[in-house]
Amino acid sequence: MTTLLEGMMARRSVRSYKSTPVPREILEKIIEAGRWAASGKNRQSCKIICVTNKELRDRISEMNCRIGGWSDTMDPFYGAPAIIIVLAEKEWRNRVYDGTLILGNMMLEAYEQGVGSCWIHRAKEEFESPEGQEILKMAGIEGEWEGIGHLAVGYIEGPFPKAPRRKGNEVYWIE
């Protein structure tokens, strides 16, 4: 077990995954970390969808490729067997901040669980589309929601990425 700061310093985005499924117990811990993220006015206004169904995961990957302008042979989730999607109430002014904190917490917990993760964009565009709205209905989610981001989650193929050196010019003190 690492200290929180050690985990923050060591965690990196992973862009190559094994096809081995991540056990539900580990995914639940990752999601629970997200559920405990801070939120504006403690509104807790986000929803989390965990996709482990390969057909749906691949469908979302294809949607993401279309939005990104890539060939449908590319996988923007880098082969990760699970995708965790964060949605926020569309009219809530802190939706992006709240969803971002959830994703950050989940990335740290994934690292703690020995699982790789990578934040993937274009969820906003996906869930504004009719196909994305259909997926929300399939999940039983009603109302107006904005996609904040996806978290690709899986076991790492190859070595764990090393952290790059910090630039060293980003902190200023006013005392």
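Begin by selecting helices H3 and H6, which are roughly antiparallel to each other, a label given to angles over 145 degrees, whereas angles under 35 degrees count as roughly parallel, 65 to 115 as roughly perpendicular and the rest as oblique. The two helices pack at an angle of about 155°, with their axes 11 Å apart; axes here are lines fitted to C-alpha atoms, for helices over the stretch in contact, and angles run from 0 to 180 degrees between N-to-C directions. H3 passes H6 in a left-handed crossing, meaning that the near helix is turned anticlockwise from the far one by less than a right angle, while a clockwise turn is called right-handed. To display the contact (heavy atoms within 4.5 Å), show Leu56, Arg59, Ile60, Met63 and Arg66 on the H3 side, together with Glu131, Gly132, Glu134, Ile135 and Met138 on the H6 side.

A note on the model before going on. This is a predicted model, in which local features need pLDDT of at least 70 and side-chain atom pairs count only at pLDDT 80 or more, while totals for chains, interfaces and linings use all residues. Residues are numbered from 1 along each chain as its sequence is written, and side-chain values use heavy atoms, with hydrogens and water left out.

Next, select the sheet. It is an open sheet of four strands in the order E1-E2-E4-E3, paired antiparallel; strands (E, at least two residues) and helices (H or I, at least four) are DSSP runs numbered from the N terminus, and two strands pair if DSSP finds at least two bridges between them. E1 and E3 are the edge strands, each pairing on one side only, and neighbouring strands are turned by 20° against each other on average, direction ignored.

Within the sheet, colour E2 and follow its two pairings. With E4, E2 pairs in the antiparallel sense over eight bridges; Val86 stands opposite Gly149 in E4, and Glu89 stands opposite Trp145 in E4. On the other pairing, six bridges join E1 to E2, again antiparallel, and Cys46 has Ala88 of E2 as its bridge partner. Is E2 mostly covered or uncovered? Seven of its eight residues are buried, where buried means under 20% relative accessible area, exposed over 50% and partly exposed in between, with a 1.4 Å probe and protein chains only.

Now show the side chains of the largest nonpolar core, a set of buried Ala, Val, Leu, Ile, Met, Phe, Trp, Tyr and Cys residues joined through side-chain atoms within 4.5 Å. This core has 22 residues, and those with the most contacts inside it are Ile49, Val51, Ile60, Ile85, Leu87, Phe127 and Leu136. Among the elements that each supply at least two of its residues are strand E1 (46-51), helix H3 (54-68), strand E2 (82-89) and helix H6 (130-139). Centre the view on Phe127, which, leaving aside neighbours within four places in sequence, is in contact with Ile85, Leu87, Gly132, Gln133, Ile135, Leu136 and Gly147. A second, separate core of 20 residues includes Ile31, Ala82, Ala110 and Ile148.

Helix H4 (residues 95-112) is the next selection: it lies across E1, E2, E3 and E4, running at about 10° to E4. Add H2, whose axis comes within 7 Å of that of H4, the two crossing at roughly 145°, and note that H2 passes H4 in a right-handed crossing. Here Lys29, Ile30, Ile31, Ala33 and Gly34 in H2 meet Ile102, Asn105, Met106, Glu109 and Ala110 in H4.

From H4, move to Trp119 in strand E3, which counts as partly exposed at 23% relative accessibility. Not counting residues up to four places away in sequence, Trp119 touches Thr100, Leu103, Met107, Ile148, Gly149, His150 and Leu151. The C-alpha atoms of Trp119 and His150 are separated by 5.7 Å, although these residues are 31 apart along the chain.

Finish with two loop residues. Most residues other than glycine have a negative phi. Which phi does Gln44 have? Gln44, in the loop between helix H2 (24-35) and E1, has a positive phi of about 50° although it is not a glycine, and at 55% relative accessibility Gln44 counts as exposed. Arg122, found in the loop between E3 and H5, likewise is not a glycine and has a positive phi, of about 80°; Arg122 is partly exposed, with a relative accessible area of 23%.
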